[in-house]
Amino acid sequence: MTIRNVRDHGQRYRPRMACLKKVENVVLEMQDPKSGVKSQTQRLVITSIPHAITGEDIVAWLVNRFKIDATEARAMGTMMVAFGYIYPLQDHKRLILKPDTSLYRFQTPYFWPAQQWPVEDTDYAIYLAKRNIRKKGMLELYEQEQYNNLYKWVNHKWDFIVMQAKEQYRAGKERKKPDRVVFDCQERAYWVVHRPPPGTVSAMDYGHDRMVDPNMEEKKTSDYYRRTVMFIQQIVKYTTTYKEHDPFLHACLPSNPWLTDDVTYWTLNMPNVETPTKMRVECWTFSFGELLMDPRGRADFRLFLKKEFSGENLAFWEACEDLKWGAAETMKEKAQQIYKTFLARGAPRWINIDGKTMDITVKGLAHPHRYVLDAAQTHIYMLMKKDSYGRYLKSPVFKETQRKAIAPEPHRFTETQLEQNAKRRRPSLSPITLRQQEEEQKAKLAASGPVDITQVMSKLEKKQKA
């Protein structure tokens with residue numbers, strides 16, 4: 001592999017750097033001659049490989065070191081293999097730890113992911129070209145496909161790549177056979193980690209790079225500590241508020257459908273269910289955003305606004321959401337319809353916005369796009385949040401919904417009942433099918449008479465999941 005002196009300070013190493021450093025400390029402990037994993041020379045076919053270790057020895061060491069069971073130790077060992085700190089000598093394609101006599105070796109620190117060497121296509125092309133020479137064209141199917149693609153992408157320097165591959169192949173042949181086998185396994189394990197076969201989940205997938213250097217240390221000023229304290233306070237507040245509503249931290253009532261195969265929880269929490277649960281109604285009090293995100297909450301809020309003769313505000317907000325997330329081909333017609341219904345002089349459901357916002361909106365409608373009504377929508381949103389939302393929480397409408405809300409009793413299924421639930425399990429409809437049904441229903445409603453976007457959306461909400 002090409003030796004390079006440039007380090008990669010990209011974002012992809014940052015999120016797991018703390019984890020990788022901890023793994024490195026464990027790997028160093030495992031390599032300790034006295035207290036580490038027992039290693040010895042093992043025979044691989046006809047070649048003797050020095051310092052080889054077995055999967056069962058790795059699992060036994062992790063169990064003894066961290067006082068965990070064998071299953072957890074195996075999972076931890078598999079993570080080390082997936083990150084490339086330990087590599088298999090036999091089954092190269094599968095980056096897992098087998099708790100048997102399968103042979104492994106510790107990867108050389110040069111190939112550790114925390115070294116942050118950039119994984120470049122040129123290096124991979126050299127590696128594949130070298131393997132192509134050694135195997136006389138008999139590469140793996142996915143490697144052959146990558147080899148052909150790289151030949152197209154870096155064709156301008158392919159002569160350099162082939163030259164480097166031949167030099168590395170010639171230098172490798174001069175090594176002793178055990179050393180040559182070990183280095184080939186090391187290099188192959190590195191590329192299986194960083195260029196995994198199709199269908200394999202890559203442990204090194206870190207997402208997109210950031211525009212700033214994430215490794216730059218921030219100075220510990222008073223402003224830094226002030227922002228840290230504010231951030232922790234927000235986390236504590238959020239956790240305290242939502243902990244009983246998180247299915248990972250609190251039990252689902254009446255039961256967790258993923259564990260019991262009982263769909264009562266989903267039935268009780270359908271978007272437009274007639275009687276919501278107490279937990280659901282409680283969420284509406286957390287914030288105005290929580291209320292609007294819940295279709296059942298919006299229906300309750302709509303009823304309150306209707307009694308206050310201000311239902312046009314919510315109808316306008318919903319129409320803007322439909323414009324923002326709807327189909328592109330109907331975007332222009334929807335924008336004009338919203339303008340005629342809510343903003344034009346003498347509009348049937350005229351809303352009250354300030355002159356500056358109106359000017360911005362009218363100018364934008366000359367060339368409509370998805371976000372052309374954002375200024376007006378934000379104005380109405382803040383108006384409802386500051387004025388209507390507080391009155392709604394104190395209104396008879398909300399108190400009546402609170403009174404009628406149900407609190408389901410927890411299910412206590414026996415083993416026999418759980419088996420019966422599993423037998424009755426049926427696959428749910430695909431989200432694509434549900435979306436198609438929604439679009440067909442929307443088209444039927446739109447074609448049945450004059451288009452009034454607020455009426456269309458209201459009817460859709462009543463029919464969805466009915």
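The legends below describe close-up views of one predicted model.

**View 1. The whole chain, with its helices and strands.**
In this predicted model, the chain contains 21 helices and 4 strands. Of its 466 residues, 38% count as buried, and the chain exposes about 28900 Å², of which carbon and sulfur atoms supply 55%. Among the contacts in the chain with a separation of 6 or more, 65% are between residues 24 or more positions apart.

**View 2. The hairpin of strand 1 and strand 2, with strand 4 alongside as a pairing partner of strand 2.**
Strand 1, residues 40-44, and strand 2, residues 47-54, run antiparallel and are joined by 4 bridges. Two of the residue pairings can be followed here: Gln40 stands opposite Ala52, and Gln42 has Ile49 in strand 2 as its bridge partner. The two strands form a hairpin with 2 residues between them, and Val45 in the turn has a positive phi of about 60°. Strand 2 also pairs with strand 4, residues 103-106, in the antiparallel sense over 2 bridges, and here the bridge partner of Thr54 is Leu103 in strand 4.

**View 3. An edge-to-face pair of rings, Tyr151 and Trp158.**
The structure holds 21 aromatic pairs. In the pair shown, the ring centres of Tyr151 and Trp158 are 5.1 Å apart and the ring planes stand at 90°, which is over the 60 degrees required, so the pair counts as edge-to-face. How exposed or buried are the two partners, Tyr151 and Trp158? Tyr151 has a relative accessibility of 41% and is therefore partly exposed, whereas Trp158, at 9%, counts as buried.

**View 4. A tilted pair of rings, Phe288 and Tyr381.**
The ring centres of Phe288 and Tyr381 are 5.1 Å apart, and because their planes meet at 50° the pair is described as tilted. This pair links distant parts of the chain, since Phe288 belongs to helix 12 (residues 288-293) and Tyr381 to helix 17 (residues 374-393), 93 residues apart. Phe288 is buried, with a relative accessibility of 2%, while Tyr381 is partly exposed at 23%. Both residues belong to one aromatic cluster, which is formed by Phe288, Phe301, Phe304, Tyr381, Tyr389, Tyr392 and Phe398.

**View 5. Arginine side chains placed over phenylalanine rings.**
The charged end of Arg65 sits over the ring of Phe66, at 4.8 Å from the ring centre. In another part of the view, Arg175 lies over the face of Phe183, and the distance to the ring centre is 4.5 Å.

**View 6. A salt bridge between Arg195 and Asp121.**
A search of the whole structure finds 19 salt bridges, and one of them is formed by the side chains of Arg195 and Asp121, with 3.0 Å from N to O. The pair links distant parts of the chain: Arg195 is in the loop between helix 7 (177-194) and helix 8, while Asp121 is in helix 4 (residues 121-135), 74 residues apart. Asp121 counts as partly exposed, with a relative accessibility of 36%.

**View 7. Salt bridges within helix 8 and helix 18.**
Asp223 forms a salt bridge with Arg227, and their closest N and O atoms are 3.0 Å apart. The two residues are 4 residues apart in helix 8, so about one helical turn separates them. Asp223, at 33% relative accessible area, is partly exposed, and Arg227, at 38%, is also partly exposed. A network of salt bridges links Asp223, Arg226 and Arg227. In helix 18 (residues 396-404), Glu400 and Arg403 lie 3 residues apart, about one turn of the helix, and the closest N and O atoms of their salt bridge are 2.5 Å apart. Glu400 is partly exposed at 31%, whereas Arg403 is exposed at 57%.

**View 8. Backbone details in three loops, at Pro254, Lys67 and Phe309.**
A cis peptide bond, with omega of about 5°, joins Leu253 and Pro254, and Pro254 is found in the loop between helix 8 (222-242) and helix 9 (257-260). Lys67, which is not a glycine, has a positive phi of about 55°; this residue is placed in the loop between helix 2 (55-66) and helix 3 (70-83), and at 67% relative accessibility Lys67 counts as exposed. Phe309 likewise has a positive phi, near 60°, and is found in the loop between helix 13 (295-307) and helix 14 (311-325). With a relative accessible area of 73%, Phe309 is exposed.

Technical notes: Residues numbered from 1 in each chain as written. Predicted model: local features only at pLDDT ≥ 70, side-chain atom pairs only at ≥ 80, totals over all residues. Heavy atoms only, no water. Buried < 20%, exposed > 50% of the residue type's maximum accessible area, 1.4 Å probe, protein only. Contact = heavy atoms within 4.5 Å. Areas by Shrake-Rupley, 256 points an atom, 1.4 Å probe, with all protein chains shown as cover. Phe/Tyr/Trp six-rings, centres within 6.5 Å; stacked < 30°, edge-to-face > 60°. Lys NZ or Arg CZ within 6 Å of the ring centre and 35° of its normal. Pairing = 2+ DSSP bridges. Salt bridge = Lys/Arg side-chain N within 4 Å of Asp/Glu carboxyl O.
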